[in-house]
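Visitor: I should like to take a close look at the aromatic pairs. Please explain which rings pair and where they lie.

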Amino acid sequence: MSTEVAMYSDEDNQNNEDWMTNLPEELWDVPLSSLAIPGSHDAMSYSLDINSPLIRSESDTFRLLDGLFYCLTRPAIYRWSTTQEKGIVEQLSEGIRYFDLRIAHKPYDPSNELYFTHVIYTHLTVVETVVTLRGLWALGYQVLLSYDDQSAARHQALWPGIPYWWANQYTASGVVSYLDWQKDMGRPDGFFVSGLNLTADRSYIALHPRQSLQTLTLANWKELRPWLEEQVPGPHPNNLNIIAGDFIGPVPFCPLVINLNRKLLRQQRMDERTLRGEDR
């Protein structure tokens, strides 16, 4: 077996938990924004509280419908807002290294607790801690924290928001077409996310009462997978970086994204051979 093919093991046996540690040394100096990194869309939605209030950004019309037909709307909201079934530790073990987290305070809540959200709020709260570089290093943590909010611009220690390419489509073909269109326009500088996640509008949800986001994701996976396998990481305009998905456990999402780095390694080796040839 060639060294290029042997970079990672078969996806069924791959040790995704330590995939960054196990990257070949030739990729250690590659910017993280040029690597293929698996991400989790709405990473905390596995802990949604079906009885919590709607988030503040939902429309007054939807709030009225939710109040009148609570027994019908709430199961539907839960089915279509849940994007993950594994907890954060399990997602890390699967190989996820980018987490999409939405945080908010509950309306009319007298406490200062913050919750994760996706249409509704989670059971779990955001635990506030004092985070310093020395403390993170002592615990062996290596974290980059990005805020997609204008208020973060006032704090130089915080990273700005990472662009997220969101197709807002409920078919694989719609998602792929959108992402290909974005690629044609060129990748952003630095980190960015390609969302390989489906989104159903309320008309679709009403017409498909027995479906859920999970059944929709699994039904479209066969069409999403070949597109994913064709992608290439790197710094060039049509290269990808972070790729985020839903239900990263039931489908081999992480190993497929991680294995894209083989292509980056192969390109680096070709470039090195070309340079050696020029030197002679």
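Guide: The following account describes the aromatic pairs and the residues that form them. This is a predicted model, in which local features need pLDDT of at least 70 and side-chain atom pairs count only at pLDDT 80 or more, while totals for chains, interfaces and linings use all residues. Residues are numbered from 1 along each chain as its sequence is written, and side-chain values use heavy atoms, with hydrogens and water left out.

The structure holds five aromatic pairs. Rings of Phe, Tyr and Trp (its six-membered ring) pair if their centres lie within 6.5 Å; planes under 30 degrees apart count as stacked, over 60 as edge-to-face and the rest as tilted. Tryptophan 165 and phenylalanine 192 have ring centres 4.8 Å apart and planes at 50°, so this pair is tilted. Because tryptophan 165 belongs to strand 6 (residues 164–165) and phenylalanine 192 to the loop between helix 5 (172–185) and strand 7 (193–195), the pair ties together parts 27 residues apart in sequence. Helices (H or I, at least four residues) and strands (E, at least two) are DSSP runs, numbered from the N terminus. Tryptophan 165 and phenylalanine 192 are both buried; buried means under 20% relative accessible area, exposed over 50%, and partly exposed in between (1.4 Å probe, protein chains only).

Tyrosine 170 and tyrosine 204 form another tilted pair, 4.5 Å centre to centre with 35° between the planes. Tyrosine 170 lies in the loop between strand 6 and helix 5, and tyrosine 204 in helix 6 (residues 202–207), 34 residues apart. Tyrosine 170 is partly exposed, at 34% relative accessible area, whereas tyrosine 204 is buried, at 12%. Together with Trp80, Tyr170 and Tyr204 form one aromatic cluster.
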